[in-house]
Amino acid sequence: MANVTVIGAQWGDEGKGKIVDWLSERADVVARFQGGHNAGHTLVVGEKVYKLSLLPSGIVRGTLSVIGNGVVLDPWHFRDEVAKLKGQGVEITPDNLQIAETCPLILPFHRDLDGLREDASGAGKIGTTRRGIGPAYEDKVGRRAIRVCDLAHLDDLDLQVDRLTAHHDALRAGFGEAPIDRAALMADLREIADFILPFVKPVWLTLNKAKADGKRILFEGAQGTLLDIDHGTYPFVTSSNTVAGTAASGTGLGPNGAGFVLAIVKAYTTRVGSGPFPTELEDATGQRLGERGHEFGTVTGRKRRCGWFDAVLVRQSVAVSGVTGIALTKLDVLDGFDELKICVGYKIGEQRFDYLPAHAQDQAKAEPIYETIGGWHETTAGARSWAELPAQAIKYIRRIEELIGCPVTLVSTSPERDDTILVRDPFAD
């Protein structure tokens, strides 16, 4: 049986949480491989709504869940999220949740720096969540991060803290802030260490053993491909690689373990925060999409920008992540439209593009070239088979497949986990 890697193919918020939760019933292990608690996954299970940002979505089902080394971990947020889910009846113990020893920690001064930079940027803001994700990744590649394994060796941390404070104190001084309080930092780390350490394991060993035993592993990505630090709409991106290839480096399983790559794709397009968005609709249609789709960020609560489906961008995402099939979500939001539009190319000046150019100024000038397709007035909400879909909805899906060069594997027709049409079982490949 194949492993499955789930990623977002747009700017995040595509509905990965529901799909990962739905697939996790078939998985033995669910692994997060990048990002931090800037992710936002909403799961609807009967009358209960679970909002996750750091924990793998499989934890709600009790599936063994691991946080891989590619994730940056805020230990205090981790504790709070565990407590919140336990309050909703979800049992979380070291038996069903593991944290990689080598995860870098997000520390209080990372959050401070994130906010200070954003506030000082004026019109140049990039829309960070202000949760310290970027600064924590910077310290990781700068080889000065405090990692999860360091919590077991706090008495040996002086040299690492020297490197860390030498860097951050200079930055803080530039913003008129006081130096890092080393004593307070160490006290905070000692206070949280006892909670974190029972969950700490060599996750790469766990995953390699699971693979050797023939178990099914579900890799859960965060954000979306268009927010990838290399392949996204830079600089309006996240601080990690969000493409499917990161499942290998972010967990330690190796590149042959990714298996079936399932890209989650919303039936229209949304984006939170700043950055280019060629198909954005700043009119009544965009407002209608946002209201019907309840388009507010799970983490930030910010209103999402909405627009028509952009086949050009999704085709790029399919290419750079080696996508095997897509899961099309929120199809029901399009119910009732007389006609729908799909972006099939861009015009920048007199030149036509069938991809989005890399430079931010070109991206900002890109004008969508649309193809119009008839809508439908029947409901797709809650459909669980092709037979329940209107003919025009099926036509819309088939046209998307043609334009992005990738088949539909699943169709989601509501937030409920069982309102899903299975076209092809990713775990069966």
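These are my notebook entries on a predicted model, from pockets to single residues.

**Entry 1: the largest pocket**

I started with the empty space. The largest pocket holds about 800 Å³. Which residues lie nearest its centre? I wrote down Gly127, Thr128, Thr129, Val237 and Thr238, out of 41 residues in the lining. Then I looked up which elements give two or more residues to this lining, and found helix H3 (108-120) and helix H4 (133-141). H4 gives the most, with 4 residues.

I also sorted the lining of the largest pocket by character. I got 18 polar residues, 13 nonpolar and 10 charged.

**Entry 2: the second largest pocket**

Next I went to the second largest pocket, where I noted about 590 Å³ of space. How many residues line this one? I have 25 in my notes, and closest to the centre are Thr42, Gly293, Arg304, Lys330 and Pro415. Two elements that supply at least two lining residues each are helix H1 (16-24) and strand E3 (41-45).

Sorted by character, the lining of the second largest pocket has 12 polar residues, 9 charged and 4 nonpolar. I marked Lys330 for a second look, as one of the residues closest to the centre here.

**Entry 3: lysine 330, second look**

Where does lysine 330 sit in the chain? I found it in the loop between strand E13 (325-329) and strand E14 (339-348). Its phi is near 60 degrees, which is a positive value in a residue that isn't glycine. Is lysine 330 buried or partly exposed? I put it down as partly exposed, because its relative accessible area is 23% and buried would need under 20%.

**Entry 4: the loop between E8 and H8**

I then checked for another positive phi and came to glutamine 223. Its phi is near 55 degrees, and again the residue is not a glycine. Glutamine 223 belongs to the loop between E8 and H8. At 9% relative accessibility, I count glutamine 223 as buried.

Proline 235 is in the loop between strand E8 (217-220) and helix H8 (246-249) too. What kind of peptide bond leads from tyrosine 234 to proline 235? I noted a cis bond, with omega near 10 degrees.

**Entry 5: cysteines**

I looked for disulfides and my count came to 0. Cysteine 103 is in none, and the nearest cysteine sulfur to its own belongs to cysteine 149, 9.7 Å away. Why is there no bond for cysteine 149? Its closest cysteine sulfur is the one in cysteine 103, and 9.7 Å is too far for a bond, because a disulfide needs the two sulfurs within 2.5 Å.

I checked how accessible these two cysteines are as well. Cysteine 103 is buried, at 0% relative accessibility. Cysteine 149 comes out as partly exposed, with 24% relative accessible area.

**Entry 6: aromatic rings**

I counted 7 aromatic pairs. I followed up one of them, phenylalanine 195 with phenylalanine 199. Their ring centres are 5.9 Å apart and their planes make an angle of 50 degrees, so I logged the pair as tilted, because tilted covers the angles between stacked (under 30) and edge-to-face (over 60).

Which residues make up the cluster around this pair? I found Phe78, Phe195 and Phe199 in one aromatic cluster. Phenylalanine 199 is buried, at 6% relative accessibility, while phenylalanine 195 is partly exposed, at 28%.

**Entry 7: charges over rings**

I finished the rings by looking for charges over them. The charged end of arginine 288 sits over the ring of phenylalanine 337, 3.9 Å from the ring centre. Over the face of tryptophan 386 I found arginine 398, at 4.9 Å from the ring centre.

**Entry 8: glycine 17**

Last, I looked up glycine 17. Which helix is it in? I placed glycine 17 in helix H1, and H1 is an element I'd already met in the lining of the second largest pocket. Glycine 17 is buried, with 3% relative accessible area. I also checked glycine 17 against threonine 270: they are 253 residues apart in sequence, and 16 Å apart in space from C-alpha to C-alpha.

Technical notes:
Residues are numbered from 1 along each chain as its sequence is written. This is a predicted model: local features need pLDDT of at least 70, side-chain atom pairs count only at pLDDT 80 or more; totals for chains, interfaces and linings use all residues. Side-chain values use heavy atoms; hydrogens and water are left out. On a 1 Å grid over the protein atoms alone, a cavity is a set of points where a 1.4 Å probe fits but cannot get out, and a pocket is an open set with protein on both sides within 12 Å along at least five of seven lines; lining residues have an atom within 4 Å of a point. Grid points are joined across faces, edges and corners, and a volume is the space filled by probe spheres set on the points. Ala, Val, Leu, Ile, Met, Phe, Trp, Tyr, Cys and Pro count as nonpolar, Asp, Glu, Lys and Arg as charged, and the others, Gly among them, as polar. Buried means under 20% relative accessible area, exposed over 50%, partly exposed in between (1.4 Å probe, protein chains only). Rings of Phe, Tyr and Trp (its six-membered ring) pair if their centres lie within 6.5 Å; planes under 30 degrees apart count as stacked, over 60 as edge-to-face and the rest as tilted. A charge sits over a ring if NZ of Lys or CZ of Arg is within 6 Å of the ring centre and within 35 degrees of the ring normal.
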